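Q: Please take a close look at one residue of this structure and then describe the elements around it. A connected account for a reader who is new to the structure would be appreciated.

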Amino acid sequence: MTDRPIYLDHNATTPVDKRVLDAMLPYFTQEFGNASSVEHRHGNAAAEAVRLARAQVADAIGARENEIIFTGSATEASNMAILGLAKAEPEKRHAITSVIEHPAVLEPFRELERLGWSITYLDVDESGQVSLDGLRASLRADTALVSVMAGNNEVGTLQPFREIGRIAQDAGALFHTDLAQVMTTQRIDVAKDNVHLASLSAHKAYGPKGIGALYVRSRGPRARIAPLVFGGGQERGLRSGTLNVPLIVGMGEALAIAAREAPKHAERLANLSRIFLERLTRGVAGVRLNGHPTERLPGNVSLSIDGVDPYALMRMISNVVSFSASSACSTNSVETSHVLLAMFGESERAASAFRIAAGRMTTEEEMLFAADTIVEACNRLSRLVA
């Protein structure tokens, strides 16, 4: 072990893979041209790098190159998808999402409500999954969009997003999904998976922060969105602004690696999660796994332990293990997350939940050491409370 804490919060962010960093570095110093300045060699080199990265991102999800729009984050991509579609399709005024979506999706939908749209928020069961029958019952003739994430960052539950997309498409609505959490462990084919709009993140896939992408389907059914940002007309006029070439290169390389290594990575993460959970449950009583028991992100272990306050646990072992008691994307305040409240209500299980998430560089030795550390800390906390 090193002097630094073991990092087990990969659903919040991931370290940059060295292969990704190596691909990016030349575009900070040597190939620094503006990708829009195609009248000279420096600009052409940057434009070619962007073209290659766009092809890599497209290949990773089974898309066409012209269907990829680079953004500053998956949050921006989701805003573009939801608000941009609403702007482009003003004749329809109803949309559907779930109560456990990321704030990057929920907040744009609340903005649509303020603009007079009707929004249906689908409930989830105790495992965190939406009901397909509930979705069918919620669809209307004026439903423009259904947005449900593929995998939940907090509890790890996978949604049946391919079936959701088919149901939406059959009803004449478009389907948007946040793919940020599944890119490193699943093979995605947006055409076969009935996806019309998708938000992508680099920093959840061992790429750099500050770069994301939006997939906008150009094939039938074609997705149309209107621009929210105006300027020089970059990214097909949908997202103006000078392209961040180094980060775009990093995202392309990160998603190319993720797509290539997804099956092996998923198997490895599932094994690390299994050995961690087995060691923990042998040492501590009252451990409950949150989220779907089988349909889940392989690296996510969301837990509630009877009588253990997750923030007290975090403070006690912060120098040894880094993990999360709630989503890192929403707030700095200590509040039970909307995801856990939707699943368990105002309960001890919801309030005591925390998340362990292994990653590409995590070793089996680190997982077992983290489990032993948490076992010891939980037992110490129990003695302090008794």
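**An exposed loop residue and its setting**

A: F230 is exposed, because its relative accessible area is 62%, and a residue counts as exposed when this value is over 50%. The model under discussion is a predicted one. F230 belongs to the loop between β8 and α8. When the neighbours within four places in sequence are set aside, the residues in contact with F230 are K87 and S240. R315 stands 85 residues away from F230 along the chain, and 46 Å separate the C-alpha atoms of these two residues.

The loop that holds F230 has β8 on one side and α8 on the other, and each of these elements leads to a sheet.

The strand is taken up before the helix. β8 is part of an open sheet of seven strands, arranged in the order β2-β8-β7-β6-β5-β3-β4 with mixed pairing. At its edges stand β2, comprising residues 68–71, and β4, comprising residues 118–122, each of which pairs on one side only. On average, and with direction ignored, neighbouring strands of this sheet are turned by 20° against each other. β8 itself covers residues 212–216 and runs antiparallel to β2, to which it is joined by four bridges. One residue pair can be named here: T71 has G212 in β8 as its bridge partner.

Two helices pack on this sheet. Helix α4, residues 74–88, touches β2, β5, β6, β7 and β8, and its direction makes about 165° with that of β7. Helix α5, residues 103–114, touches β3, β4, β5 and β6, and the angle between its direction and that of β4 is about 145°.

On the other side of the loop, helix α8 extends over residues 245–283 and lies across β9, β10 and β12, running at about 15° to β10. These strands make up an open sheet of three, ordered β9-β10-β12, with antiparallel pairing. β9, residues 287–290, and β12 each have a single partner strand, so one side of each is left without a neighbour in the sheet. From one strand to the next, the twist averages 35°.

The pairing within this sheet can be followed strand by strand. Four bridges connect β9 with β10, and R288 is placed opposite S304 in β10. Five bridges connect β10, residues 300–305, with β12; the bridge partner of N300 in β12 is A357.

Where does β12 stand in relation to the rest of the structure? Five of the five residues of β12 are buried, and the strand is therefore largely enclosed by the rest of the structure. The side chains divide between two directions: A353, R355 and A357 point one way from β12, whereas F354 and I356 point the other way, and all are buried.

The interior also contains enclosed space. Across the whole structure, a search finds two cavities of 30 Å³ or more. The largest cavity has a volume of about 150 Å³ and is lined by 19 residues, with H10, N11, Q181, T184 and L269 nearest its centre. By class, its lining consists of nine nonpolar, nine polar and one charged residues.

In summary, F230 is an exposed residue of the loop between β8 and α8. β8 pairs with β2 in the antiparallel sense, and α8 lies across β9, β10 and β12.

Notes: Residues numbered from 1 in each chain as written. Predicted model: local features only at pLDDT ≥ 70, side-chain atom pairs only at ≥ 80, totals over all residues. Heavy atoms only, no water. 1 Å grid on protein atoms, 1.4 Å probe; cavity = no way out; pocket = protein on both sides within 12 Å on 5 of 7 lines; lining within 4 Å. Points joined across faces, edges and corners; volume = space filled by probe spheres on them. Nonpolar A, V, L, I, M, F, W, Y, C, P; charged D, E, K, R; others polar. Pairing = 2+ DSSP bridges. Axes fitted to C-alpha atoms, helices over the stretch in contact; angles between N-to-C directions. Contact = heavy atoms within 4.5 Å. Buried < 20%, exposed > 50% of the residue type's maximum accessible area, 1.4 Å probe, protein only.
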